[in-house]
Amino acid sequence: MNFVKIMRLVLMFACIVLFGTAGLVVFMHLQDPVEIIPHQTPGYHWVKFNLLPKDPLSFFMDCPPGGSQDGRVMGHKAGALAKQAKPGPEGGHIQPRQRRRRLLIKKTPIVIALNSSTVTLAQLGPQDAGAPVGHWHRLYQVQRERKKIMRDTCAKYKSNSRRVITPYHVSRIFVEDKYRVLYCEVPKAGCSNWKRVLMVLSGLASSTRDIQHNTVHYGNTLKRLDGFDRQGISYRLNTYTKMLFVREPFERLVSAFRDKFEHPNSYYHPVFGKAILARYRVNATREALRTGSGVRFSEFIQYLLDVHRPVGMDIHWDHVNRLCSPCLIDYDFVGKFESMEEDANFFLRLIGAPRNLTFPRFKDRHSNEERTTTRIAHHYFAQLSPLQRQRTYDFYYMDYLMFNYSKPFDDLY
């Protein structure tokens, strides 16, 4: 009997070793060496993206050359390094591969170089619209301050020591290869017109006026960063100018509510409206439950704050912090909806866009309606209780801190 038990144990151990070896062989067979070992380009220092890259705008703000305490390369020394470095292969769209490879790439980290985009002050001289030199320096200073606040907030509240960038984190980023721009889409913060601008820069249209709303959002003409392979994503994050535009969170939320629930909508009414009315409206009529129309702002806020929402989140009212991952991706340019014209046209000059291309002013949808302003947002939030206002502020607290927006109501804490 003892002999039989020993033989069983030996056989079991042999099976475990055999299956383990087979699994290891299969795993190694599935891996692409490019996905295991990052391509190290001469002149680049590769690190996991738990260190913030340098501030590209620091080249132009009289910063002394040399290193800094957080390991970033600063000043003209970094600028020279960026010029000397030869970028690696750009990488194209994801080639047709078996499904197993796509699953692997979703889980593998992306390694980011210390070098970032190279926005140069040389493009902004006296010939630029006759603007005085102090004008450009003021706008550069604004960018430095915004980025500093964003980084300080990330350092204080976010721990990225074990986090890395995956294709999920860049799924909202649009790519324009000609002018080397990465734009993170924040809905209700000018994204429709920014997509129009990217289409003109790409040569897909001659004027922003010529591009219809459906073409902008459903035409699939613009490339997304997660549509590239891992090497292509890394290359663009390292070398392209990365930018996002944000908006005061309460105003952005009210703008989304007005757009999606106060006008006929074949998606948001049946998908979100019906679920919201069924959960939060007492004695809802059959017609309301059938169509999902007529959601009140207070009901929408109940849905937003409910940890057990009857339907999931949506990009139009999700946090910028989740949409664009600013604590993982070191954006070169942070614009604001409130100063859109100045910020947007400054950015276009930075990337060397055609002089006749300016950011469009027209309202994309419901053009006869007034844009959502501070006054209009306060009117909607006045319908809520102080507790609901506080909880909504808490919901967007990181966006308020990260992008330096003031409290919208005096009684908030």
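In this predicted model, strands S8 (residues 241-246) and S9 run parallel and are joined by 4 bridges. Across that pairing, Met243 sits opposite Phe333 in S9. S9 itself spans residues 333-336, with Phe333 and Gly335 pointing one way and Val334 and Lys336 pointing the other. Whichever way they point, these four residues are buried, Lys336 included.

Stepping back to the whole chain, there are 17 helices to go with 9 strands. Half the story is on the inside: 50% of the 413 residues count as buried. Contacts reach a good way along the sequence, too. Of those with a separation of 6 or more, 74% are between residues 24 or more positions apart. As for the outside, the accessible surface is about 21,300 Å², and carbon and sulfur atoms hold 57% of it.

Then there is the largest pocket, which holds about 1,100 Å³ of space. Its lining takes in 49 residues, and those nearest the centre are Lys188, Cys191, Ser192, His217 and Asp364. Helices H6 (191-201), H7 (213-218), H9 (249-261) and H14 (340-350) are the elements that each give two or more residues to this lining. Sorted by class, the lining comes out at 18 charged, 16 polar and 15 nonpolar residues.

H9 turns up again around helix H16 (residues 386-395), where it is part of what covers the buried residues. Helices H12 (297-305), H15 (374-381) and H17 (397-402) also contribute to that cover. The H16 residues tucked underneath are Arg389, Gln390, Thr392, Tyr393 and Phe395.

How values were computed: Residues are numbered from 1 along each chain as its sequence is written. This is a predicted model: local features need pLDDT of at least 70, side-chain atom pairs count only at pLDDT 80 or more; totals for chains, interfaces and linings use all residues. Side-chain values use heavy atoms; hydrogens and water are left out. Buried means under 20% relative accessible area, exposed over 50%, partly exposed in between (1.4 Å probe, protein chains only). Two strands pair if DSSP finds at least two bridges between them. On a 1 Å grid over the protein atoms alone, a cavity is a set of points where a 1.4 Å probe fits but cannot get out, and a pocket is an open set with protein on both sides within 12 Å along at least five of seven lines; lining residues have an atom within 4 Å of a point. Grid points are joined across faces, edges and corners, and a volume is the space filled by probe spheres set on the points. Ala, Val, Leu, Ile, Met, Phe, Trp, Tyr, Cys and Pro count as nonpolar, Asp, Glu, Lys and Arg as charged, and the others, Gly among them, as polar. Contact means heavy atoms within 4.5 Å. Accessible areas come from the Shrake-Rupley method with a 1.4 Å probe; for residues, only the protein chains shown count as cover.
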